[in-house]
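Okay, everyone, thanks for coming. I'd like to walk you through one model today, so let's put it up on the screen.

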Amino acid sequence: MISSGQKSSRASGVREDTILSIEHISKEFSRVRVVDDVSCNIRRGEIMGLIGENGAGKSTLIKIISGIYQPSAGVLQLDGKPVFIPDYITAKSLGIAIVPQEFNLINTLAVFENIFLGNEIRRAGLLNKPRMRDLSAKQLEELKMPVGVNQLVSSLSVAEKQMVEISKALMLHARLLIMDEPTTTLTSREVDTLFTLMRNLKAQGVTMIFVSHKLNEIKAICDRVTVLRDGKLISVDNIGDVDEEDIARRMVGRSNFRQLFPDKLPRSPDTTLLEVEKLSVSGLLEDINFTLRKGEILGFAGLVGSGRTELAESVMGLRTINSGAIKLDGKNVQIKKADDAVRHRLAYLSEDRQGKGIVQGFNLPQNITLISLKNYLKGAFINKSAELEAAGEYIKSFKISAASPRMQLRYLSGGNQQKIYLSRWLDTDPSILMLDEPTRGIDVSAKQEIYTFIHQLAEKGISCIVISSEMEEVIGLCSRVYVMREGKIAGCLEGSHITEEEIMFHATGIKGNI
Ligand SMILES: Nc1ncnc2c1ncn2[C@@H]1O[C@H](COP(=O)(O)OP(=O)(O)OP(=O)(O)O)[C@@H](O)[C@H]1O
Ligand SMILES: [Mg+2]
């Protein structure tokens, strides 16, 4: 179903309303074919969804369109003419912009400097900073992101960084805007804002390619959807002709779906493992009290910026606590740095895997055993075969797709990097595992594996904290949910009270649909 705003050319059928034609594109890395003879037309003014499992070739394909990679075979045609896009600058000059999956921001520069990086506005040869600040502020305001344009990128949360990347691409006023998983760390409210903006752009005639693992988002915003599997094009459908299950079936190539979330665990015994009392961090957290029971899956919900990540970081010794106490098994513990936390068998999977997690230049086993390395030492040496064996187990249980475990992590697809990062923390044998956006960028079938795994951990007595922007995830997994608002705990929900309405009520203080 194509929107009425789109001019469809009756006379020549597809041709004239095609902005970009992808013709027999293939891409190989070290003779491994990751995009395999893909042909498809992108129509002028449409939003084309692009979906597929982790490692299916989505990012590679759109990197080819935006000049970051060169195809091994095939051609691209723009407005009916073959084009050669040797680099990103050329793509930009052709009106193609990309919001990349992994951020490309410079931490030491301010927000506005990043937004205009490589696209600076000058006046009489000098940088026109006031104008760049002004335009950046307007753009962020449109995205409803309360970020100061002079703030350093290093001080931003992942969601805020995402919005800066989006603003950066929007500033190019592209005709073809490609977005690689822009919503993975946004809560439903920010996603709504982004979608409103996308609809406005579409009304102005901008064409978009939108990558997401969230089927409901693809259904909500796209006109058509393209499915890739193992580098091959499987289907292109009008969005009205397929439901979420059809799309999922095309993605994974099978139809027997288990339910996404395992059945909830029975109420965990009231043995409190962790108690946080009156914890405050100046300017960020105020008077936080919460308990975590042994073997429970506890959720933390709230809007972006409500303090969930900061709370986990404080418990993990990554932030200086001004006042308050942390008790484990009823005893006060001092956690001043991450090492102290690991010693107490606390683990924290950060939402910022790119900034605070993985080491791009390390291979898979090295990344997995980074914190648990002492378990792999044989005298002064690392027992490489034990390391490889352990990595093999994780690769198998999470179906991590990598040409070889010896490859550097940078060459893994985004979702597979996330699975490696999760494996690392599991390998520390934690008793408390805090997971911040654990399924960021993970495809729908791998999500099932991870949810089942979290359940198994809880059944073994490991206590899990799940911080998630995906309401569905918090509701589907957790036995209790704390909702945060503006650095405080606004409410604690249990059992049948864990609903979208009640969470939103505590997160915003507003009743009803917002
Ligand atoms: N520069 C590279 N060198 C070697 N292999 C690569 C390189 N870039 C990507 N690959 C491989 O190509 C395959 C496809 O990766 P791609 O990033 O396109 O997947 P994706 O569909 O975007 O997945 P995800 O949903 O996880 O982001 C993966 O197996 C990945 O390891
Ligand atoms: Mg990708």
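The largest cavity holds about 90 Å³ of space. Keep in mind that this is a predicted model. A search of the whole structure turns up 6 cavities of 30 Å³ or more, and I'll stick with the largest one.

So, what lines the largest cavity? Thr 187, Ser 188 and Arg 189 are there, along with Ala 301, Gly 302 and Leu 303. Then you have Ser 468, Ser 469 and Met 471, and finally Ile 503, Met 504 and Ala 507. If you sort that lining by type, you get 6 nonpolar residues, 5 polar ones and 1 charged one.

Which elements each give at least two residues to that lining? They are α6 (188-203), β15 (297-302) and α17 (500-508). The largest share, 3 residues, comes from α17.

Let's stay with α17 for a moment. Its buried residues are Ile 503, Met 504, His 506, Ala 507 and Thr 508. Here's a handy bit of background: an α-helix has 3.6 residues a turn, so residues three or four places apart point the same way. And what do the buried residues of α17 pack against? They pack against α6, β15, α16 (471-477), β23 (480-485) and β24. Right after α17, have a look at Gly 509, which takes a positive phi of about 80°.

Now for the sheet. β15 is part of an open sheet of 6 strands, in the order β18-β21-β22-β15-β23-β24, with mixed pairing. At the edges sit β18 (346-349) and β24 (488-494), and each of those pairs on one side only. From one strand to the next, the twist averages 20°.

If you're new to sheets, the strands pair through backbone hydrogen bonds, either parallel or antiparallel. Start at the β18 edge: β18 and β21 pair in the parallel sense over 4 bridges, and Ala 347 has Leu 433 as its bridge partner in β21. Moving along, β21 (432-436) and β22 (463-467) also pair in the parallel sense, over 5 bridges. There, Ile 432 has Ser 463 as its bridge partner in β22.

One last stop: are the residues on the two faces of β18 buried or exposed? Leu 346 and Tyr 348 on one side, and Ala 347 and Leu 349 on the other, are all buried. Helix α14 (414-426) lies across β18 and β21, and runs at about 175° to β18.

That's my tour, thanks for listening.

Methods. Residues are numbered from 1 along each chain as its sequence is written. Chains are lettered from A and ligands numbered from 1 in the order in which they are written. This is a predicted model: local features need pLDDT of at least 70, side-chain atom pairs count only at pLDDT 80 or more; totals for chains, interfaces and linings use all residues. Side-chain values use heavy atoms; hydrogens and water are left out. Two strands pair if DSSP finds at least two bridges between them. Axes are lines fitted to C-alpha atoms, for helices over the stretch in contact, and angles run from 0 to 180 degrees between N-to-C directions. Contact means heavy atoms within 4.5 Å. Buried means under 20% relative accessible area, exposed over 50%, partly exposed in between (1.4 Å probe, protein chains only). On a 1 Å grid over the protein atoms alone, a cavity is a set of points where a 1.4 Å probe fits but cannot get out, and a pocket is an open set with protein on both sides within 12 Å along at least five of seven lines; lining residues have an atom within 4 Å of a point. Grid points are joined across faces, edges and corners, and a volume is the space filled by probe spheres set on the points. Ala, Val, Leu, Ile, Met, Phe, Trp, Tyr, Cys and Pro count as nonpolar, Asp, Glu, Lys and Arg as charged, and the others, Gly among them, as polar.
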